[in-house]
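Open the structure in your viewer and keep the sequence panel handy. We will go through it stop by stop, selecting as we go.

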Amino acid sequence: MADDALATRLLGIFVEELGEQVQQLNDDLLALERAPGDVKPLSGVFRVMHTLKGAARAAGVLQVESLCHLLETDLARARDSGAPLGGAAIALLFEAADALGDARDRLAAGQSLVDGPIDVVMQHARGRLEPSQNAGTSAPRVATASPQPSSRVATMPAAVPTPVAAMPVVPPVPAPPA
């Protein structure tokens, strides 16, 4: 019984944290959209994904953990490359913020996350992360290992919508000569 009480308490704390982190995520995404090359909001988005990944793991909300892990990996790559995120990448992150907000509402109401917006965003993100089926395609696709779903994570629906285009990065603009 003590384990059930602890799990319920952790979930309640997570739901509260999720609401706060989604607000911070939206603030950072708006700043990133205005200045795609600014490292500060990119670091803020990364920090939110990292924080939510750990909190979701502790609370046993594995769908949120998986999404945040997947996006955190992409954000680390963008941060480490120094190249600004393109519009498709930012759009996917806004979609993720909306899905995380929906997850917060569903969890607060005691509802399941299965077949909700988190699943759709995961499909979009995974579709973008899979290697291109057409070797002759000139469109770059990010090839990374996506997190393996746990047996406790709901399975994805069989029908996968057309994936979001690869997360293009805007080439860095060289600094003007001094």
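The tour starts with the whole chain, moves on to helix pairs and the core, and ends at single residues.

**The whole chain**

Keep in mind that this is a predicted model. Show the whole protein as a cartoon: there are 5 helices and 0 strands, and along the sequence the pattern reads α-α-α-α-α. If you colour by accessibility, 39% of the 178 residues count as buried. Turn on contacts as well, and among those between residues at least 6 apart in sequence, 72% join residues at least 24 apart.

**Helix 1 and helix 4**

Now select residues 2–34, which form helix 1, together with 87–108, which form helix 4. Their axes lie 9 Å apart and the helices pack at an angle of about 160°. How do the two run relative to each other, roughly parallel or roughly antiparallel? Angles over 145 degrees count as roughly antiparallel, and therefore helix 1 and helix 4 are roughly antiparallel. Their crossing is left-handed.

Show side chains where the two meet. On the helix 1 side, pick residues including Leu-11, Phe-14, Leu-18, Val-22 and Leu-29; on the helix 4 side, the partners include Ile-90, Phe-94, Ala-97, Leu-100 and Leu-107. By class, this contact has 17 nonpolar, 3 polar and 2 charged residues.

**Helix 2 and helix 3**

Next, select 39–59 for helix 2 and 62–81 for helix 3. The two axes come within 8 Å and cross at roughly 150°, which makes helix 2 roughly antiparallel to helix 3. Here, too, the crossing is left-handed.

For the side chains, try Leu-42, Phe-46, Met-49 and Lys-53, among the helix 2 residues that meet helix 3. Across from helix 2, the helix 3 residues include Val-64, Cys-68, Glu-72 and Leu-75. The contact of helix 2 with helix 3 has 12 nonpolar, 2 polar and 5 charged residues.

**The nonpolar core**

Which residues touch the most other members of the largest nonpolar core? Select Phe-14, Val-64, Leu-85 and Leu-100: these are the ones, in a core of 41 residues. Helix 1, helix 2, helix 3, helix 4 and helix 5 each give two or more residues to this core. Helix 4 gives the most, with 11 residues.

**Two stops on helix 1**

Go to Gln-21, which is found in helix 1. Is this residue buried or exposed? Buried means under 20% relative accessible area, so Gln-21, at 16%, is buried. Leaving aside neighbours within four places in sequence, Gln-21 is in contact with Val-48, Thr-51 and Leu-52.

Glu-17 also lies in helix 1. With a relative accessible area of 23%, Glu-17 is partly exposed. Draw a distance from its C-alpha to that of Arg-104: the two residues are 87 apart in sequence and 9.1 Å apart in space.

**Last stop: a loop**

Finish at Asp-115, in the loop between helix 4 and helix 5 (117–129). What is the sign of its phi, positive or negative? Most residues other than glycine have a negative phi. Asp-115 is not a glycine, yet it has a positive phi of about 60°. Exposed means over 50% relative accessible area, so at 57% Asp-115 counts as exposed.

Terms used. Residues are numbered from 1 along each chain as its sequence is written. This is a predicted model: local features need pLDDT of at least 70, side-chain atom pairs count only at pLDDT 80 or more; totals for chains, interfaces and linings use all residues. Side-chain values use heavy atoms; hydrogens and water are left out. Helices (H or I, at least four residues) and strands (E, at least two) are DSSP runs, numbered from the N terminus. Buried means under 20% relative accessible area, exposed over 50%, partly exposed in between (1.4 Å probe, protein chains only). Contact means heavy atoms within 4.5 Å. Axes are lines fitted to C-alpha atoms, for helices over the stretch in contact, and angles run from 0 to 180 degrees between N-to-C directions. Angles under 35 degrees count as roughly parallel, over 145 as roughly antiparallel, 65 to 115 as roughly perpendicular and the rest as oblique. A crossing is left-handed if the near helix is turned anticlockwise from the far one by less than a right angle, and right-handed if clockwise. Ala, Val, Leu, Ile, Met, Phe, Trp, Tyr, Cys and Pro count as nonpolar, Asp, Glu, Lys and Arg as charged, and the others, Gly among them, as polar. A nonpolar core is a set of buried Ala, Val, Leu, Ile, Met, Phe, Trp, Tyr and Cys residues joined through side-chain atoms within 4.5 Å.
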